[in-house]
Amino acid sequence: MALHRTHSLLLLLVLTLLGLGLIKPSYGQDLMYQRFLRQHMDPDGAGGTDGYCNVMMQRRRMTWNRCKPVNTFIHENIWTTRSICYTPNIQCKNGNMNCHEGIVKVTDCRESGVSRAPNCRYRAMGRTRRVVIACEGNPKVPVHFDG
């Protein structure tokens with residue numbers, strides 16, 4: 001009887017955590033979500049300078065084999081960014097309908113064109129602007145920065 005009650009309580013806990021969005025998405029989505037976090041999230045960074053982009057692009061491993069031409073860092077907490085996933089669906093650049101848009105603080109980093117990996121050099125633009133992200137899973141999480 002005690003074992004049955006323990007299993008019931010454990011099941012209830014798992015369902016509650018799923019409902020609250022505290023359990024991670026599936027393995028494939030989790031990898032894409034972790035990549036999104038590594039490449040695009042910097043909630044505590046001020047950003048906005050060329051030096052910021054140069055350091056962050058290298059630190060986040062986007063200059064290893066080649067200079068990633070363009071990257072955007074989002075300066076909002078993850079909950080604000082994840083809430084974008086619950087805005088109405090819009091079409092992504094690839095034609096899928098799992099994109100969503102929101103307005104956030106960002107630093108856009110664009111490769112200067114005169115550097116070579118791994119010592120890539122970037123120009124920065126810090127601003128608040130509209131972004132488009134692709135989201136997947138249940139709960140929905142950002143998995144791709146679309147623009």
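**Exercise 1. How many of the 147 residues of the protein, as a percentage, count as buried?**

Solution. The model is a predicted one, in which local features need pLDDT of at least 70, side-chain atom pairs count only at pLDDT 80 or more, and totals for chains, interfaces and linings use all residues. Residues are numbered from 1 along each chain as its sequence is written, and side-chain values use heavy atoms, with hydrogens and water left out. Taking buried to mean under 20% relative accessible area, exposed over 50% and partly exposed in between (1.4 Å probe, protein chains only), one finds that 39% of the 147 residues count as buried.

**Exercise 2. State how confident the prediction is, and describe residues 6-20.**

Solution. The pLDDT, the predictor's confidence in each residue from 0 to 100, averages 87 over the protein, and 81% of the residues score at least 70. Over residues 6-20, however, the pLDDT is below 50, and this stretch has four contacts (heavy atoms within 4.5 Å) in the model beyond near neighbours in sequence.

**Exercise 3. Give the order of helices and strands along the sequence.**

Solution. Helices (H or I, at least four residues) and strands (E, at least two) are DSSP runs, numbered from the N terminus. The protein has four helices and four strands, and read along the sequence these follow the pattern α-α-α-β-α-β-β-β.

**Exercise 4. Identify the residues of the largest nonpolar core and the strand that supplies its largest share.**

Solution. A nonpolar core is a set of buried Ala, Val, Leu, Ile, Met, Phe, Trp, Tyr and Cys residues joined through side-chain atoms within 4.5 Å. The largest has eleven residues, namely Phe36, Met41, Ile74, Ile84, Cys85, Val104, Val106, Val131, Ile133, Cys135 and Phe145. S2 and S3 each supply at least two residues of this core, and the largest share, three residues, comes from S3. Apart from this core lies another, of ten residues, among them Met57, Met62, Phe73 and Cys120. Returning to the largest core, of which Ile84 is a member, Ile84 touches His100, Glu101, Gly102, Val104, Val131 and Ile133, not counting residues up to four places away in sequence.

**Exercise 5. Is arginine 116 buried or exposed, and where is it found?**

Solution. Arginine 116 is found in the loop between S2 and S3. Because its relative accessibility is 71%, arginine 116 counts as exposed. The C-alpha atoms of arginine 116 and threonine 63 are separated by 8.7 Å, although these residues are 53 residues apart along the chain.
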